[in-house]
Amino acid sequence: MFKKVKPYMGEYIHYTRKAVLCVCVAIICGIIPYFLLYRLIVPLIEKSSLSFANVSISIALIAVFMVGNALFYVKGLSYSHISAYNTLKNIRISLQKKLEAQPLGVIQQMGNGRIKKVFTDDIETIELLLAHAIPEGIANMLIPLIAIAAMFFVDWKITLLCIASFPIGMFAIGMMFKAGMEKMDSYYAAGARMNNTIIEYINGMEVVKVFNRDEESYARFEKDIASYRDFTLAWYKVCWPWMALYSSIVPCIMIFALPAGGWLVLNGYSTLENFILIMCMSFAVGTPILKAMGFGGKFPQLNYKIDELEKIIDNPPLKQSQRKFEGTGYDISFENVSFSYDSTEVVHGINLSLKEGQLTALVGESGSGKSTLAKLLVHFYDLDSGRITLGGQDISDMSIEALNEKISYVSQEQFLFNTSLYDNILIGKPQATKKEVLEAARRAQCEEFLKRLPNGIDTMAKDGGKMLSGGERQRISLARALLKDAPVIVLDEATAFIDPENEEKMNKAISEIVFQKTVLVIAHRLPTIKNADKIIVLNKGSIAAEGTHYELLRTSEEYARLWKAAEESTAWEVKA
């Protein structure tokens with residue numbers, strides 16, 4: 001029952017055991033007053049004397065046990081919550097380690113919404129199951145079983161009458177569980193869809209408003225929310241009749257015992273005292289069993305939720321070793337490299353060499369595989385076949401940390417943390433001095449906009465760097481790369497958001513960062529890579545041509561066409 005959650009409990013499992021024990025004691029304390037009540041009723045039936053002292057003692061003991069019930073119950077829940085929250089911590093740490101071991105590209109494909117839901121919403125829902133379902137569910141099932149066993153010793157005939165309603169209740173519970181399990185997958189899938197749609201709707205609201213796509217965007221938003229509502233209602237619609245049946249039958253264990261038991265007493269087959277005692281004990285059976293059944297439905301959910309969490313982040317880990325960089329020099333070689341997204345091959349048998357100290361550019365239409373090759377070089381994904389080497393060493397034969405030390409990767413979209421711009425640049429080299437950070441910012445042409453900010457380089461970037469424009473975020477990213485000073489530079493359209501006024505300054509900054517390094521540049525603006533040592537023309541995931549700018553103009557129709565389109569785009573103008 002707890003095979004999925006037990007490994008995550010670790011040393012805190014003993015808190016769960018304590019919680020179960022305390023809740024059991026609490027329930028026992030709640031049962032004993034019924035026996036004390038029986039002691040008060042019997043003398044009245046037998047018409048014997050009942051002293052004030054005995055009544056007072058019984059009432060006092062009832063009060064003591066009721067207080068004990070509350071205290072032990074609270075203590076048990078205290079233990080269960082300690083266990084629950086530490087178990088959630090262990091689950092999050094375990095999933096985080098699995099997530100870190102996966103290729104970064106796979107993590108990006110999962111999307112922020114899905115990852116956020118896994119680490120917050122999905123895991124948080126397990127807390128109720130751990131903190132309440134386990135201790136209360138077990139205790140509320142265990143105590144009634146003990147009480148029923150005791151009832152058999154008092155009078156087995158009346159006890160059988162008491163539990164005669166259980167088969168009906170158990171049948172209803174079984175049917176409810178069966179119906180619930182059949183629809184559980186669809187229910188949680190609908191919930192995940194709704195969550196992702198809501199996040200996408202909020203993130204894309206600016207685009208939706210600007211292009212007047214409110215109706216279309218809201219239609220999908222409404223559809224997925226309605227779908228979740230429909231799945232939920234359909235699930236409950238199937239379960240409600242069975243739930244109503246067992247909720248009304250299980251607690252009423254005297255439904256058969258009262259009339260038939262009275263007949264047994266009147267005909268001398270049972271005593272009135274035993275009948276009253278069993279009636280008192282029955283109050284300790286029905287309600288706890290009903291509570292146990294309420295929690296019983298949570299146990300399949302507990303295993304299901306943890307299983308789903310593990311499946312979401314159950315992709316193969318990134319292929320890497322613990323070896324450091326042991327290559328000679330910083331030449332890069334792609335050897336018969338192939339790669340697929342979702343079983344569709346997008347890079348086909350690429351053979352390519354990048355020489356140390358040279359700038360190699362990748363050009364081609366959108367979807368030709370330029371950014372994919374850059375991401376494969378920085379090991380965002382594992383290859384389908386072939387290999388990529390740095391200094392003769394396979395990048396999968398070194399740790400990702402060792403590879404990252406040798407490569408600076410600057411892409412179109414760079415994330416800034418909600419800390420100061422200074423701290424965001426410092427990520428490139430945490431041990432750098434303030435003078436080095438300021439120099440990197442200057443060389444990346446950040447001084448101009450830093451002067452406008454209220455606190456300069458100490459200004460907070462805010463969530464995702466929204467304090468800055470796209471071009472300003474790229475310059476902060478470039479400052480990181482300058483500070484890092486890695487021997488290999490990968491620029492994936494790093495000047496995409498730079499305005500024409502600052503493009504020349506940015507190109508000078510890039511010239512500084514790439515000096516005497518192994519550089520791979522991906523560019524849509526062909527004039528920016530006109531002087532590259534080598535230009536690779538990609539077409540649908542394959543190399544169509546390679547050479548210098550002037551060589552390709554003579555020998556490659558594909559490059560000549562791209563160059564002509566680039567020249568024409570520079571001549572575009574808006575006429576009033």
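## Helix α14 and the strands beneath

In this predicted model, helix α14, formed by residues 370–377, lies across five strands: β3, β6, β7 (488–492), β8 (518–522) and β9. Relative to β8, the helix runs at about 150 degrees.

Most of α14 is covered, with six of its eight residues buried. Those buried residues are Lys370, Thr372, Leu373, Ala374, Leu376 and Leu377. Just after the helix, His379 adopts a positive phi of about 65 degrees.

## The six-stranded sheet

The strands crossed by α14 belong to an open sheet of six strands with mixed pairing, arranged in the order β6-β7-β8-β3-β9-β10. The edges are occupied by β6 (407–410) and β10 (542–547). Each of these two has a single partner strand, so one side of each lacks a neighbour in the sheet. From one strand to the next, the twist averages 15 degrees.

Strands of a sheet pair through backbone hydrogen bonds, and the pairing may be parallel or antiparallel. Within this sheet, β3 (residues 359–363) and β9 (residues 534–539) pair in the parallel sense, over four bridges. Thr360 has Lys534 of β9 as its bridge partner.

## Glu558 in helix α22

Glu558 is part of helix α22, which spans residues 557–570. Because its relative accessibility is 17%, and the limit for a buried residue is under 20%, Glu558 counts as buried. The side chain of Glu558 makes a polar contact of 3.0 Å with the side chain of Arg561. In an α-helix there are 3.6 residues a turn, so residues three or four places apart point the same way.

When neighbours within four places in sequence are left aside, Glu558 is in contact with Glu365, Val537 and Asn539. Residues 534–539 make up strand β9, and thus the contacts of Glu558 with Val537 and Asn539 link helix α22 to that strand.

## Cysteines

A search of the whole structure identifies zero disulfides. Such a bond would require a pair of cysteine sulfur atoms within 2.5 Å.

Two cysteines may be described by their accessibility. Cys29 is buried because its relative accessible area is 9%, which falls under the 20% limit. Cys446 likewise counts as buried, at 0% relative accessibility.

Conventions
Residues are numbered from 1 along each chain as its sequence is written. This is a predicted model: local features need pLDDT of at least 70, side-chain atom pairs count only at pLDDT 80 or more; totals for chains, interfaces and linings use all residues. Side-chain values use heavy atoms; hydrogens and water are left out. Buried means under 20% relative accessible area, exposed over 50%, partly exposed in between (1.4 Å probe, protein chains only). A polar contact is a pair of N or O atoms within 3.5 Å; within protein, one must be able to donate a hydrogen and the other to accept it, and residues adjacent in sequence count only if both atoms are side-chain atoms. Contact means heavy atoms within 4.5 Å. Two strands pair if DSSP finds at least two bridges between them. Axes are lines fitted to C-alpha atoms, for helices over the stretch in contact, and angles run from 0 to 180 degrees between N-to-C directions.
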